[in-house]
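Biologist: Please take a close look at the largest pocket, and then explain how it relates to the rest of the chain. A connected account for a first-year student would be most useful.

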Amino acid sequence: MSSMLTRAIAVLGAILVLVAVNHSIRAKERIISTGELIYLELAPVDPRSLMQGDYMALRFQLADQLADTLAENLSNLRVPIVLDKRGVATLAGQGIPTDLFIRYRLRDGRAWLGTNAYFFEEGTAARFANARFGEFRLDRESGEAVLVGLRDVELKAL
């Protein structure tokens, strides 16, 4: 009887995990299809770690700006941002009205905006060497941002 109970608990646990993963995937797909397009400027990365295999290490200037103003114990917060006429996001200064926010988390003491890497097909690394902006879709309600591509200095798709 106990092995049957153990199996039932394991199956129920697996079902719960699959439901949670499926919900997370659907939420990201919704943001990708309906989210507002914004761009985040890339910050310099150590060139030795820029391209590692089939991915590019990423840092965003907005995350670096957040790191200068955050306390270590804060997590899962949203900060106000403003967009310039090209759609490039920056932190909203004091007294600047905005209804746009981006969600961040703290990872290893640094602000994390959803990703720190961009994965690409093997053999296409040179195509992304001129990346200067991350292209995101932003959910206005939650502030969650999903990276959907990289752009060059003129915001042209790479």
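Modeller: A pocket, as the word is used here, is an open set of grid points where a 1.4 Å probe fits, with protein on both sides within 12 Å along at least five of seven lines. The model under discussion is predicted. In this model, the largest pocket holds about 300 Å³ of space.

Which residues lie nearest the centre of the largest pocket? They are L58, R59, R110, W112 and N116, which belong to a lining of 15 residues. Two elements, α3 (61-67) and β7 (110-112), each give two or more residues to that lining. Strand β7 gives the most, with three residues. Sorted by class, the lining comprises eight nonpolar, five charged and two polar residues.

Residue D64 helps to connect these names. Its place is in helix α3, one of the elements that contribute to the lining. Is D64 buried or exposed? D64 counts as buried because its relative accessibility is 18%, and the word buried is kept for values under 20%. Apart from neighbours within four places in sequence, D64 is in contact with A43, R59 and R110. Of these partners, R59 and R110 are among the residues nearest the centre of the pocket.

Helix α3 also leads from the pocket to the interior of the protein. The largest nonpolar core contains 27 residues, and α3 is one of the elements that supply at least two of them. The others are the strands β1 (36-41), β4 (77-83), β6 (101-107), β9 (133-138) and β10 (145-151). Such an arrangement may be set beside a general tendency: in soluble globular proteins, nonpolar side chains tend to be buried together. The residues with the most contacts inside this core are I38, L40, L58, F60, I81, I102 and L113. L58 thus appears twice in the account, once in the core and once among the residues nearest the centre of the pocket.

L113 illustrates how the core is held in contact. With neighbours within four places in sequence left aside, L113 is in contact with L40, F60, L62, A63, L66, I102, R103, Y104, F136 and A145. L40, in turn, has its C-alpha atom 7.7 Å from that of T90, although their positions lie 50 residues apart along the chain. T90 is located in strand β5 (residues 89-91) and counts as partly exposed because its relative accessibility is 38%. Among residues beyond four places in sequence, T90 is in contact with L62, P80, I81 and V82. L62 is therefore a contact of both T90 and L113, as the two lists of partners show.

L58 provides a second route, this time to strand β8, where Y118 lies. Y118 touches L58 along with D54, Y55, M56, F128, L147, G149 and L150, residues up to four places away in sequence not being counted. Y118 counts as buried because its relative accessibility is 17%. Its C-alpha atom is separated by 6.7 Å from that of A57, a residue 61 positions away along the chain. A comparable pairing involves F120, in the loop between β8 (117-119) and β9. F120 and Y55 stand 65 residues apart in sequence, yet 5.7 Å apart in space from C-alpha to C-alpha. F120 is likewise buried, at a relative accessible area of 10%.

What pattern do the elements follow along the sequence? The chain contains three helices and ten strands, in the order α-β-α-β-β-α-β-β-β-β-β-β-β. Of its 158 residues, 34% count as buried. Among contacts with a separation of 6 or more, 60% join residues 24 or more positions apart. The pairing of E29, in helix α1 (residues 2-34), with V146 offers one further case: they are 117 residues apart in sequence and 9.2 Å apart in space, C-alpha to C-alpha. E29 is partly exposed, with a relative accessible area of 48%.

A final detail concerns the segment after β10, where L155 lies. Most residues other than glycine have a negative phi. L155, which is not a glycine, has a positive phi of about 65 degrees. L155 is also buried, its relative accessible area being 12%.

Definitions and conventions. Residues numbered from 1 in each chain as written. Predicted model: local features only at pLDDT ≥ 70, side-chain atom pairs only at ≥ 80, totals over all residues. Heavy atoms only, no water. 1 Å grid on protein atoms, 1.4 Å probe; cavity = no way out; pocket = protein on both sides within 12 Å on 5 of 7 lines; lining within 4 Å. Points joined across faces, edges and corners; volume = space filled by probe spheres on them. Helix = DSSP H or I, 4+ residues; strand = E, 2+ residues; numbered from the N terminus. Nonpolar A, V, L, I, M, F, W, Y, C, P; charged D, E, K, R; others polar. Buried < 20%, exposed > 50% of the residue type's maximum accessible area, 1.4 Å probe, protein only. Contact = heavy atoms within 4.5 Å. Core = buried A, V, L, I, M, F, W, Y, C linked by side-chain atoms within 4.5 Å.
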